[in-house]
Amino acid sequence: AQRALYLGSELPQDVMDYVLRTCAQMQYGLTVLTMQSQKDAQALLDTHKDALIEAGISPRVVPLSGDPARALAQALRRRPEVAFLVCNETGYLGRSLLNGTQNGMPVPVVLVSRNGAVANAATPARVASRAA
């Protein structure tokens, strides 16, 4: 099974700590979905390289293009091995979900706040109902 991380222009330590901890606990792999270039995404991940190696996680980066929400939902639908998506609460996707401007994702979404707490665990149905 895989966990997906939506990677924006930054990767806060709190978000990475949550991803590392839960991937290790659940023995999940990590798929990184991003609108960033492969090079920029890898540079962000490289700042956490030692922790990733220590946790035995080798992330697979999947660059997206086009409309972010549509591209992300399509990428998740094409990857049935992804159990859920993690994102930064204050990033593009997190703000869109919390504001109800984002349509439901095909998998549950976990928003991680700055203090590393899970801000919201939204199932596709809950996200869709919030947007209505």
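The following questions and answers go through the cores, a helix, a salt bridge and a pocket of this predicted model.

Reader: Which element supplies the largest share of the largest nonpolar core?

Author: The largest nonpolar core has 22 residues, and those touching the most other members are Leu-5, Leu-11, Met-16, Val-19, Leu-30 and Val-86. At least two residues each come from E1, helix H1 (13-26), E2, helix H2 (38-46), E4 and strand E5 (109-112). Six residues of this core, the largest share, come from H1.

Reader: Which residues does Leu-11 touch, leaving out those up to four places away in sequence?

Author: Leu-11 is one of the residues that touch the most other members of the largest nonpolar core. A contact here requires heavy atoms within 4.5 Å. With residues up to four places away in sequence not counted, Leu-11 touches Leu-5, Met-16, Leu-44, Leu-45 and His-48.

Reader: How many residues are in the second, separate core?

Author: Apart from the core of 22 residues, there is a second one. Its members include Tyr-6, Leu-64, Leu-93 and Val-109. This second core has 19 residues.

Reader: What do the buried residues of H4 pack against?

Author: Helix H4 covers residues 68-77, and its buried residues are Ala-69, Ala-71, Leu-72, Ala-73, Ala-75 and Leu-76. Buried means under 20% relative accessible area. The buried residues of H4 pack against strand E1 (2-7), strand E2 (29-34), strand E4 (82-88) and helix H5 (92-99).

Reader: Which parts does the salt bridge between Arg-60 and Glu-81 tie together?

Author: The structure holds one salt bridge. Arg-60 and Glu-81 form it, with their closest N and O atoms 3.3 Å apart. Because Arg-60 lies in strand E3 (residues 60-63) and Glu-81 in the loop between H4 and E4, the pair ties together parts 21 residues apart in sequence: strand E3 and the loop between H4 and E4.

Reader: Is Glu-81 buried, exposed or partly exposed?

Author: Its partner Arg-60 is partly exposed, with a relative accessible area of 40%. Partly exposed lies between under 20% for buried and over 50% for exposed. Glu-81 has a relative accessible area of 31%, so Glu-81 is partly exposed.

Reader: How many of the residues lining the largest pocket are charged?

Author: About 180 Å³ of space lies in the largest pocket. The pocket is lined by 18 residues, with Gly-8, Ser-9, Glu-10, Gly-91 and Tyr-92 nearest its centre. E1, E4 and H5 each supply at least two residues of the lining. The lining divides into 10 nonpolar residues, seven polar and, as charged, one.

Note on methods:
Residues are numbered from 1 along each chain as its sequence is written. This is a predicted model: local features need pLDDT of at least 70, side-chain atom pairs count only at pLDDT 80 or more; totals for chains, interfaces and linings use all residues. Side-chain values use heavy atoms; hydrogens and water are left out. Buried means under 20% relative accessible area, exposed over 50%, partly exposed in between (1.4 Å probe, protein chains only). Helices (H or I, at least four residues) and strands (E, at least two) are DSSP runs, numbered from the N terminus. On a 1 Å grid over the protein atoms alone, a cavity is a set of points where a 1.4 Å probe fits but cannot get out, and a pocket is an open set with protein on both sides within 12 Å along at least five of seven lines; lining residues have an atom within 4 Å of a point. Grid points are joined across faces, edges and corners, and a volume is the space filled by probe spheres set on the points. Ala, Val, Leu, Ile, Met, Phe, Trp, Tyr, Cys and Pro count as nonpolar, Asp, Glu, Lys and Arg as charged, and the others, Gly among them, as polar. A salt bridge is a side-chain nitrogen of Lys or Arg within 4 Å of a carboxyl oxygen of Asp or Glu. A nonpolar core is a set of buried Ala, Val, Leu, Ile, Met, Phe, Trp, Tyr and Cys residues joined through side-chain atoms within 4.5 Å.
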